[in-house]
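Me: I'd like to go through this model with you, one question at a time. Could you take a look?

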Amino acid sequence: MAEQQRSLGFWRTWSLSAGYMIGSGIFLMPTVLAPYGLLGLSSWLITGAGAVLLALVFGNLSRRIPKVGGPYAYTREAFGEFPGFLVAWSYWISLWVGTAAITVAMVGYLGVFIPALGESFFAQIALGLVIIAMVVAININGMRQTGIFQLALTVLKIIPLVAVGIAGLFYIDGGHVPDFNPSGEPPVSVLAAGAILTMWAFVGLEAATIPAGDVINPEKNIPRALILAVLIVVAIYFLSSFAVMTIVDGATLAQSEAPFADAAVKIWGEWAAYLIALGAVFSTLGALNCNILLGGQMPMAAAKKGVFPKAFANMNKNGTPALALVVGGILGGGLMILNYTKGFVEAFIFMILLSTLATLLAYAGSSLADLKFSLKDNTLTPGILAKNIVVALLAFAFSIFLAVGAGADVLIYGGLMLLAGIPVYMFSRRQNK
């Protein structure tokens, strides 16, 4: 792709990773972590450190292999076609499962403005499907429009989080500080369970690597954007979560569908619930936009290499993989409908666990790819080689640690969904002979 055709500069590239990470996760996470107390809050530090390690891994890989597909491209280059397919397939699953989870969270916050939504599952489902269709249409229209939309939403979503985090420090209620470990479970188990949940809020840190063909100077801009995005997000997450969990009492927090709005009401009054809810809507919309964008780019990259059906590689007149975008939107919408049979928080937790687990294979594969490339690179100094080896091994270990924390049910579902990809691989290979 010629350089003048590339439309994503540094800040738009940064907004892909930052905008994907800051989505539904942070705005509901205080409720999700409430049963784990202060020990659960500390899981932000574990996942934050792991996210920095993964950002370093993806930064290294994006310099070596600035190709469309991100984790899929890296794993394929390092280990071959079938491992690359498994990463692409699992990552694609994580994207449309994530589309469902993000939409559920967005509709929950829209309930602040439309109270009737809380009384009708049909209305929630209908609104969710309209939102998904709208974002798919924006992405079909072209990468330039998508990038501008994403950057604007990323800026808008950061403002309320920072406001609650800073102002909240002056409204901490000592009586609402959570117990250290209210669950009574072994601390290691609590940290593992908390980490897999909080990791959902970091999933997408690699987003800037996937549309590399549209990034201006990708070898330089992608690594810088990744590191800056992760550092900013870690600081925002911990500060804002701490504020919410120490302002809102535990009983209210555990049942809340809009914990940041609850905290804002205690700080500024009833009107603030609408401001925070609006910020959450911008936030989830930005994450959904990025999720659907990548849901088109990933299968398109795999289809061009012959491991996904050919049709996913077809580009429309705007240069976007329209069919891949539409299929991802349909799958996400379908899963959203199915999961409304569960309660709001239960549905959200299940989907974020499944989406995060599916992403972890891409993280583990990319970590091992970085390790392999570093070991084969004779140009690295001993110091840089040692650093790369340590970072890659720690990032891999972190990915395995999170997978263990997902729990048996999610691991079984994830394994079955991964196995379901094998017939797709066989069909695609036969199609491309």
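**Walking through the model**

Me: Before the details, how are the contacts in the chain spread along the sequence: what share of those between residues at least 6 apart joins residues at least 24 apart?
Reply: Keep in mind that this is a predicted model. The secondary structure comes to 18 helices and 0 strands. Taking contacts between residues at least 6 apart in sequence, the share joining residues at least 24 apart is 84%.

Me: And what percentage of the residues count as buried?
Reply: The chain has 433 residues, and about 16,200 Å² of it is exposed. Carbon and sulfur atoms supply 69% of that exposed area. As for the residues that count as buried, they come to 57%.

Me: Let's zoom in on Thr359. Is it buried or exposed?
Reply: Thr359 sits in helix α15, which runs over residues 344–376. Leaving out residues up to four places away in sequence, it touches Tyr91, Ser94, Val203 and Glu206. The cut-off for burial is under 20% relative accessible area. Thr359 has 0% relative accessibility, so it counts as buried.

Me: Now the surface. Which element gives the largest share of the nonpolar patch?
Reply: The patch is made of Phe82, Ile412, Leu416, Leu419, Ile422 and Met426, with about 550 Å² of accessible area together. Two elements give two or more residues to it, α17 (408–419) and α18 (421–431). The largest share is 3 residues, and it comes from α17.

Me: Phe82 is in that patch too. How does it count: buried, partly exposed or exposed?
Reply: Phe82 lies in helix α6, residues 81–110. Buried would need under 20% relative accessible area and exposed over 50%. Phe82 comes in at 32% relative accessibility, so it counts as partly exposed.

Me: What about pockets: which element gives the largest share of the lining of the second largest pocket?
Reply: That pocket has a volume of about 260 Å³. Of its 16 lining residues, the closest to the centre are Leu357, Ala358, Leu360, Leu361 and Leu418. The elements giving two or more residues to the lining are α6, α15, α16 (382–405) and α17. The largest share, 6 residues, comes from α15.

Definitions and conventions. Residues are numbered from 1 along each chain as its sequence is written. This is a predicted model: local features need pLDDT of at least 70, side-chain atom pairs count only at pLDDT 80 or more; totals for chains, interfaces and linings use all residues. Side-chain values use heavy atoms; hydrogens and water are left out. Helices (H or I, at least four residues) and strands (E, at least two) are DSSP runs, numbered from the N terminus. Buried means under 20% relative accessible area, exposed over 50%, partly exposed in between (1.4 Å probe, protein chains only). Contact means heavy atoms within 4.5 Å. Accessible areas come from the Shrake-Rupley method with a 1.4 Å probe; for residues, only the protein chains shown count as cover. Patches are made of residues with over 30% relative accessible area and no salt bridge: like charges are joined within 9 Å, nonpolar side chains (Val, Leu, Ile, Met, Phe, Trp, Tyr) within 5 Å. A salt bridge is a side-chain nitrogen of Lys or Arg within 4 Å of a carboxyl oxygen of Asp or Glu. On a 1 Å grid over the protein atoms alone, a cavity is a set of points where a 1.4 Å probe fits but cannot get out, and a pocket is an open set with protein on both sides within 12 Å along at least five of seven lines; lining residues have an atom within 4 Å of a point. Grid points are joined across faces, edges and corners, and a volume is the space filled by probe spheres set on the points.
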